[in-house]
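Biologist: Before we discuss any label in this model, I would like each one set against the rule that produces it. Could you take me through them in turn?

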Amino acid sequence: MAAFPARDREAFTAHWTKIMADEAVTIKTIVFDAHVAGNVVSWEQSGERLVGYWIGRQYWGKGVATRALSAFLGHVTTRPLYARVAKHNVASLRVLEKCGFTISGHDTAPADTGGEEVEEVILKLEASATEQAPSREGGSPSHERR
């Protein structure tokens with residue numbers, strides 16, 4: 001969803017060790033056809049609950065993200081729930097909209113690559129949007145750590 005470069009193994013491990021130690025974070029592994037396809041996570045930031053996900057490139061365009069996020073929204077019931085997406089990431093914007101999120105604003109964020117700022121779209125899921133989310137069949141995230 002965000003525009004950030006891949007981390008080396010040491011930085012990746014340090015990042016995920018910090019995330020997994022935070023009791024306020026909910027993490028699910030996305031499994032598709034018996035393979036790990038990605039993850040979906042929710043955390044608190046500046047007094048707001050946010051959601052994000054990462055899907056392996058080989059699973060793009062198969063509905064995996066939409067199904068996984070939809071199922072995850074049944075586990076993380078805090079509303080409103082926010083997501084921040086790089087403006088150029090049209091596929092993630094569409095996934096979030098299919099799951100009931102609506103655009104609530106725009107912002108810029110510093111690029112992790114040290115380059116120009118990245119334009120972001122801020123989306124919000126209200127309590128009433130939960131009923132509009134698609135079916136939770138198949139592609140469900142599993143392996144919760146809360």
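Modeller: Let me start with contacts, meaning heavy atoms within 4.5 Å: among those in the protein chain between residues at least 6 apart in sequence, 61% join residues at least 24 apart. This is a predicted model, in which local features need pLDDT of at least 70 and side-chain atom pairs count only at pLDDT 80 or more, while totals for chains, interfaces and linings use all residues. Residues are numbered from 1 along each chain as its sequence is written, and side-chain values use heavy atoms, with hydrogens and water left out.

Biologist: What makes up the secondary structure of the protein chain, and in which order do the elements run from the N terminus?

Modeller: Helices (H or I, at least four residues) and strands (E, at least two) are DSSP runs, numbered from the N terminus; by that rule the protein chain has 3 helices and 7 strands, in the order α-β-β-β-α-β-α-β-β-β.

Biologist: Why is helix α2 called largely enclosed by the rest of the structure?

Modeller: Buried means under 20% relative accessible area, exposed over 50%, and partly exposed in between, with a 1.4 Å probe and protein chains only. In helix α2 (residues 64-73), 9 of the 10 residues are buried, so the helix is largely enclosed by the rest of the structure; among them are V64, L69, F72 and L73. For the protein chain, 41% of the 146 residues count as buried.

Biologist: Why is the pair R49 and E44 called a salt bridge, and is R49 buried or exposed?

Modeller: A salt bridge is a side-chain nitrogen of Lys or Arg within 4 Å of a carboxyl oxygen of Asp or Glu, and the side chains of R49 and E44 meet at 3.3 Å, N to O, so the pair qualifies. R49, at 10% relative accessibility, counts as buried, whereas E44, at 42%, counts as partly exposed.

Biologist: How do you know that E120 and R84 form a salt bridge, and which parts does the pair tie together?

Modeller: Their closest N and O atoms are 2.9 Å apart, so the pair meets the rule. E120 lies in strand β6 (residues 118-125) and R84 in strand β4 (residues 81-86), so the pair ties together parts that are 36 residues apart in sequence. E120 counts as buried at 12% relative accessibility, while R84 is partly exposed at 27%.

Biologist: What makes K124 and E126 a salt bridge, and how many are counted by this rule?

Modeller: The closest N and O atoms of K124 and E126 are 3.2 Å apart. Salt bridges that share partners also join R84, D107 and E120 into one network, and the count comes to 5 salt bridges.
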